[in-house]
Each structure stands twice: as C-alpha cells, then as structure tokens.
Amino acid sequence: EAQKMLEKAFELDPKSPVAAFNIAWQHYEAGDEDKAMEMFSYMIANDPYYPGAYVMVGLILTKRGRLDQAIAMFNRALAVDQTNKEAVKGLMMATMDMGNMDGVWHWFEYAEQREGFFNEGYMNLMKARYYLIKGDKPQALAYLDKTEFEHDMKGMNDMTEAEKHYIAGNY
C-alpha cells in the first residue's frame, strides 16, 4: 500500500525528491541496487541539491568496489551540505578501503572540528579500525577500550567487545 502511494505521488510530481528518494530507498532495501541506482541518478539529474541521493549512489558504488567514483559522490554530497554525516562516514570508509590512511585522518579531523558531529563512540571505533589497518594493534585496542555507545544501537557495544577479543587473539 505504501509503495503504491509513493508511486502515485511520484507520478503526480516526478521531480519530487522526497517521493523519488523513498522509491529508490525501497528498491535499495529490497536488494535491487540497479533500480535504486537508476532512481538515485534520476534524482541527481533533476535535483542536484539533494545530498541523500549522492550518498546513496556512493554507498552502492562502494559496495561494488568502485571507490574512486564513490568518493566523488560523497564529496558532491558534502559540496551540497557540509554537515552531511553520512557523506563523511562514506568518505571515511571508502578512503580506508582504498588504503589512503592520510585521507582517512583528514576526515577524522573534519569531523572533530565540528563539535558533536559524531559521537565519541563512533569516532573511537573508526580510529580503532584505522590503527588496525595500519598494523598497530596496541593502539587499535586502546581506542576500542575507550569505545562505548550511549545507546546500544544494533548491538554496537557487543560488537566492540568481540572486536577487542579478536584483535587481542582471545577468540
């Protein structure tokens, strides 16, 4: 029923970014990344000031291993909205996946310069992963020891504990 309502809203106003985004999101959630990519790209063509579309294209491109293109999309989202946290998360992860550790640190600094941009738990977790990739297990464990999430969204505290044990070799 909700899908039909969205499609009707989109039919009445095909340039509506809200209707287009929600339809694209439903395709993404259903695992139809090609259709989602088509809709998000349509959004970008019709409303280049909707950062969520760039972020979602960036996420799909990241999943497909097209990291340079993903980074370009996340940067375009930030050009539209410098406070877009999902774009910065995408940039951190894609840059980390590329092995550009100086680039990753740049995004850490970007976030830290904006008070309250990410919570401390998220930043500590990202820095732990950064140091782990660099091969510095003691520093990674030090950041994991400081990582605690105020609300245990999707079991993040349990996952952090599991990562500590894995890195320390206690598994």
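In which handed sense, left or right, does α7 pass α8 in a crossing? Keep that in mind as you open this predicted model and start the tour with the pair itself.

**Stop one: α7 and α8**

Select residues 101-112 for helix α7 and residues 120-133 for helix α8. Their axes lie 11 Å apart, and the helices pack at an angle of about 165 degrees. Angles over 145 degrees count as roughly antiparallel, and α7 and α8 are therefore roughly antiparallel to each other. Now for the opening question: the crossing in which α7 passes α8 is left-handed.

Next, show the side chains where the two helices meet. On the α7 side, pick M101, V104, W105, F108, A111 and E112. Facing them from α8 are M123, M126, K127, Y130, Y131 and I133. Colour this contact by class and you will find ten nonpolar residues, two charged ones and no polar ones.

**Stop two: α4 and α5**

Move on to residues 51-63, which form helix α4, and residues 67-80, which form helix α5. Here the axes come within 8 Å and cross at roughly 165 degrees. α4 and α5 are therefore roughly antiparallel to each other, and α4 passes α5 in a left-handed crossing. To see the contact, select P51, Y54, V55, V57, G58, L59, L61 and T62 in α4, then add L67, Q69, A70, M73, F74, R76, A77 and V80 in α5. Sorted by class, the contact of α4 with α5 holds twelve nonpolar, three polar and one charged residues.

**Stop three: α2 and α3**

Now select 17-29 for α2 and 33-46 for α3. The axes of α2 and α3 are 7 Å apart, with a packing angle of about 165 degrees. This makes α2 and α3 roughly antiparallel to each other. Look along the pair and you can check that α2 passes α3 in a left-handed crossing.

Which residues of α2 and α3 meet? From α2, display P17, A20, F21, I23, A24, W25, H27 and Y28. From α3, display E33, K35, A36, M39, F40 and M43. The class count for the contact of α2 with α3 is eleven nonpolar, one polar and two charged residues.

**Stop four: the cavity**

Stay with α2 and α3, since each of them supplies at least two residues of the lining of the largest cavity. How many cavities of 30 Å³ or more does the structure hold? There is one, and the largest cavity encloses about 30 Å³ of space.

To outline this cavity, select P14, K15, S16, P17, A20, Y42, M43, N46 and D47. Three of the lining residues come from α3, which gives the most. By class, five residues of the lining are nonpolar, two are polar and two are charged. Before you leave, highlight P17, A20 and M43: P17 and A20 of α2 and M43 of α3 take part in the helix contact, and P17, A20 and M43 are also among the residues that line the largest cavity.

Methods: Residues numbered from 1 in each chain as written. Predicted model: local features only at pLDDT ≥ 70, side-chain atom pairs only at ≥ 80, totals over all residues. Heavy atoms only, no water. 1 Å grid on protein atoms, 1.4 Å probe; cavity = no way out; pocket = protein on both sides within 12 Å on 5 of 7 lines; lining within 4 Å. Points joined across faces, edges and corners; volume = space filled by probe spheres on them. Helix = DSSP H or I, 4+ residues; strand = E, 2+ residues; numbered from the N terminus. Nonpolar A, V, L, I, M, F, W, Y, C, P; charged D, E, K, R; others polar. Axes fitted to C-alpha atoms, helices over the stretch in contact; angles between N-to-C directions. Parallel < 35°, antiparallel > 145°, perpendicular 65-115°, else oblique. Left-handed = near helix turned anticlockwise from the far one by under 90°. Contact = heavy atoms within 4.5 Å.
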